[in-house]
Structures are given as C-alpha cells and as structure tokens.
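Me: I'd like a close look at one part of this protein: a pocket and whatever surrounds it. Keep it friendly, because I'm new to this.

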Amino acid sequence: MEITWYTAMSMDGRLASADHSLAFLDLIGHRDDAEREFPDFIETIDAVLIGANTMRWLLDRGHGWPHGDLPTWLVTHDEQLDERIGSTDQPVVVHRGEVHQAVEQMREAGHRRVWLCGGGSIAGQLLRADLLDEVNATVAPAIVGSGPALAEGQNLPLRRFTLTQCEPIGGDAARLVWRRDR
C-alpha cells in the first residue's frame with residue numbers, strides 16, 4: 001500500500017495561517033490544466049486518510065466531506081466530531097487508535113493507494129511510523145509565518161525523500177513531488 005500526502009502549502013511549509021485561512025493559496029495563479037490536475041489525482045486513489053483538524057475545518061465551513069465516494073478513515077479522539085460526521089450521510093470509518101493501526105485496517109481492506117488529505121499532525125505520525133511514501137505539494141508564493149505545518153510533531157525522525165518532480169505552476173508557484181527512499 002502507498003500513502004501520498006497531496007496538499008498545498010506556503011513557502012515556509014504552512015498548510016494554513018494561524019487563523020486557519022487559506023487566502024495565501026489565491027497567490028498560486030491560474031494554470032490551464034489546473035481543472036484536471038486534482039480530478040486526475042483522485043482517479044489514482046482508492047481510499048482517504050484524514051485527521052480531525054482537517055475534517056473539523058471542512059465541517060465548520062459547511063463543506064462536509066466532498067469525497068464520500070471514496071472509503072475514508074478519520075483518525076480522531078473527538079466524540080463530538082463523531083456526531084458531526086454521523087449527520088453528514090458520508091461513509092467514514094472513525095478510528096480512535098494510532099494512525100498506523102488505521103493504515104493497517106486500510107491495508108487489510110485491500111486498499112492500494114491512499115490519499116492523506118490532511119493534516120500536518122497525521123503526516124507527522126505517518127513519518128514517525130515510516131508510512132509516508134510520497135509528498136505531492138503545490139507551494140504558493142507566500143510566507144505565512146505561523147499556522148499548521150506540513151508535518152507536525154516533536155522530534156520527528158529524519159527521513160530521506162527524493163525529489164521526482166519540480167514544475168512551475170500558475171506563474172510563481174511550484175509543484176514539488178518527493179518519493180520516500182526505502
């Protein structure tokens with residue numbers, strides 16, 4: 001099984017500002033093939049892994065879970081979030097244990113390519129367990145200064161990734177793809 005962290009971030013590795021704004025992403029600009037890029041990526045995924053903060057962010061903004069057609073594992077200990085998920089009519093498996101246990105459940109269910117939808121805390125846990133295979137990030141031409149990071153956690157282990165793609169996007173942004181060296 002392969003886990004890909006597909007996301008966007010600021011130049012200083014922030015997924016959002018301290019007040020959870022994504023306004024910096026507006027600086028990415030327009031690219032002709034942008035409308036197909038994400039749908040093309042989603043077609044390669046057969047399951048989703050998401051953390052509580054990302055799901056809460058989506059629900060707080062009225063987005064709900066937009067990928068209900070994909071089997072989804074939510075890693076959380078927040079029982080109130082469980083209740084909110086239950087009211088969305090979306091098929092989400094709520095996992096209360098360690099992230100590596102959720103990954104094992106996904107593997108046992110036969111999933112082959114998993115999208116880490118967010119966020120930085122789950123990414124840090126996956127790094128610690130050496131379960132993150134790819135980071136596919138659009139880097140916006142902005143510095144946010146504070147807010148959730150690409151990977152969160154104390155004393156994360158050093159893991160080597162090889163840059164496999166680097167291309168300009170929308171003028172001053174870039175798409176960077178790293179693969180985990182194993």
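Reply: **The largest pocket and its surroundings**

The largest pocket holds about 1,300 Å³ of space. A pocket is an open set of points on a 1 Å grid over the protein atoms alone, with protein on both sides within 12 Å along at least five of seven lines; the probe is 1.4 Å, and lining residues have an atom within 4 Å of a point. Its volume is the space filled by probe spheres set on the points, which are joined across faces, edges and corners. There are 46 lining residues, and closest to the centre come Thr-7, Leu-15, Leu-22, Thr-54 and Cys-117.

Before going on, keep in mind that this is a predicted model: local features need pLDDT of at least 70, side-chain atom pairs count only at pLDDT 80 or more, and totals for chains, interfaces and linings use all residues. Numbering runs from 1 along each chain as its sequence is written, and side-chain values use heavy atoms, with hydrogens and water left out.

Which elements supply the wall? At least two lining residues each come from strand S1 (2-9), helix H1 (34-42), H2, strand S5 (113-118) and helix H5 (120-128). (Helices, at least four residues of H or I, and strands, at least two of E, are DSSP runs numbered from the N terminus.) H2 gives the largest share of the lining, with 7 residues. Sorted by class, the lining has 21 nonpolar, 17 polar and 8 charged residues. Here Ala, Val, Leu, Ile, Met, Phe, Trp, Tyr, Cys and Pro count as nonpolar, Asp, Glu, Lys and Arg as charged, and the others, Gly among them, as polar.

Let's zoom in on H2 for a moment. Leu-58 belongs to this helix, which spans residues 52-60. Leu-58 has a relative accessible area of 12%, so it is buried. (Buried is under 20%, exposed over 50%, partly exposed in between, with a 1.4 Å probe and protein chains only.) Not counting residues up to four places away in sequence, Leu-58 touches Ile-50, His-63, Gly-64, Trp-65 and Pro-66; contact means heavy atoms within 4.5 Å. Further along the chain, Asp-78 is 20 residues from Leu-58, and their C-alpha atoms are separated by 15 Å.

H1 and S5 have another link: aromatic rings. The count comes to 5 aromatic pairs. (Rings of Phe, Tyr and Trp, using the six-membered ring of Trp, pair with centres within 6.5 Å; planes under 30 degrees apart are stacked, over 60 edge-to-face, the rest tilted.) Take Phe-38 and Trp-115: their ring centres lie 5.5 Å apart and their planes make 70 degrees, so this pair is edge-to-face. It links distant parts of the chain, with Phe-38 in helix H1 and Trp-115 in strand S5, 77 residues apart. Phe-38 is partly exposed at 27% relative accessibility, while Trp-115 is buried at 5%.

Trp-115 has another partner too. With Phe-41, the ring centres are 6.0 Å apart and the planes are at 85 degrees, so that pair is edge-to-face as well. Phe-41 sits in H1 and Trp-115 in S5, so parts 74 residues apart in sequence are tied together. Both Phe-41 and Trp-115 are buried. Add Tyr-6, and you have one aromatic cluster: Tyr-6, Phe-38, Phe-41 and Trp-115.

Now for H5. Its buried residues are Gly-120, Ile-122, Ala-123, Gly-124, Leu-126 and Leu-127. The cover over them includes S1, strand S2 (47-51), strand S3 (72-75), helix H4 (99-108), S5 and strand S7 (161-169). After H5 comes Asp-130, with a positive phi near 55 degrees.

H5 also takes us to the second largest pocket, with a volume of about 170 Å³. Ala-123 and Leu-127 help line it, together with Trp-5, Leu-132, Val-135, Leu-150, Ala-151, Phe-161 and Trp-178. By class, that makes 9 nonpolar, no polar and no charged residues.

One last stop is Leu-176, in strand S8 (residues 173-180). Its relative accessibility is 16%, so Leu-176 counts as buried. Leaving aside neighbours within four places in sequence, Leu-176 is in contact with Val-135, Asn-136, Ala-137, Val-139, Leu-163, Gln-165 and Cys-166. Measuring C-alpha to C-alpha in the model, Leu-176 and Phe-161 are 11 Å apart in space and 15 residues apart in sequence.
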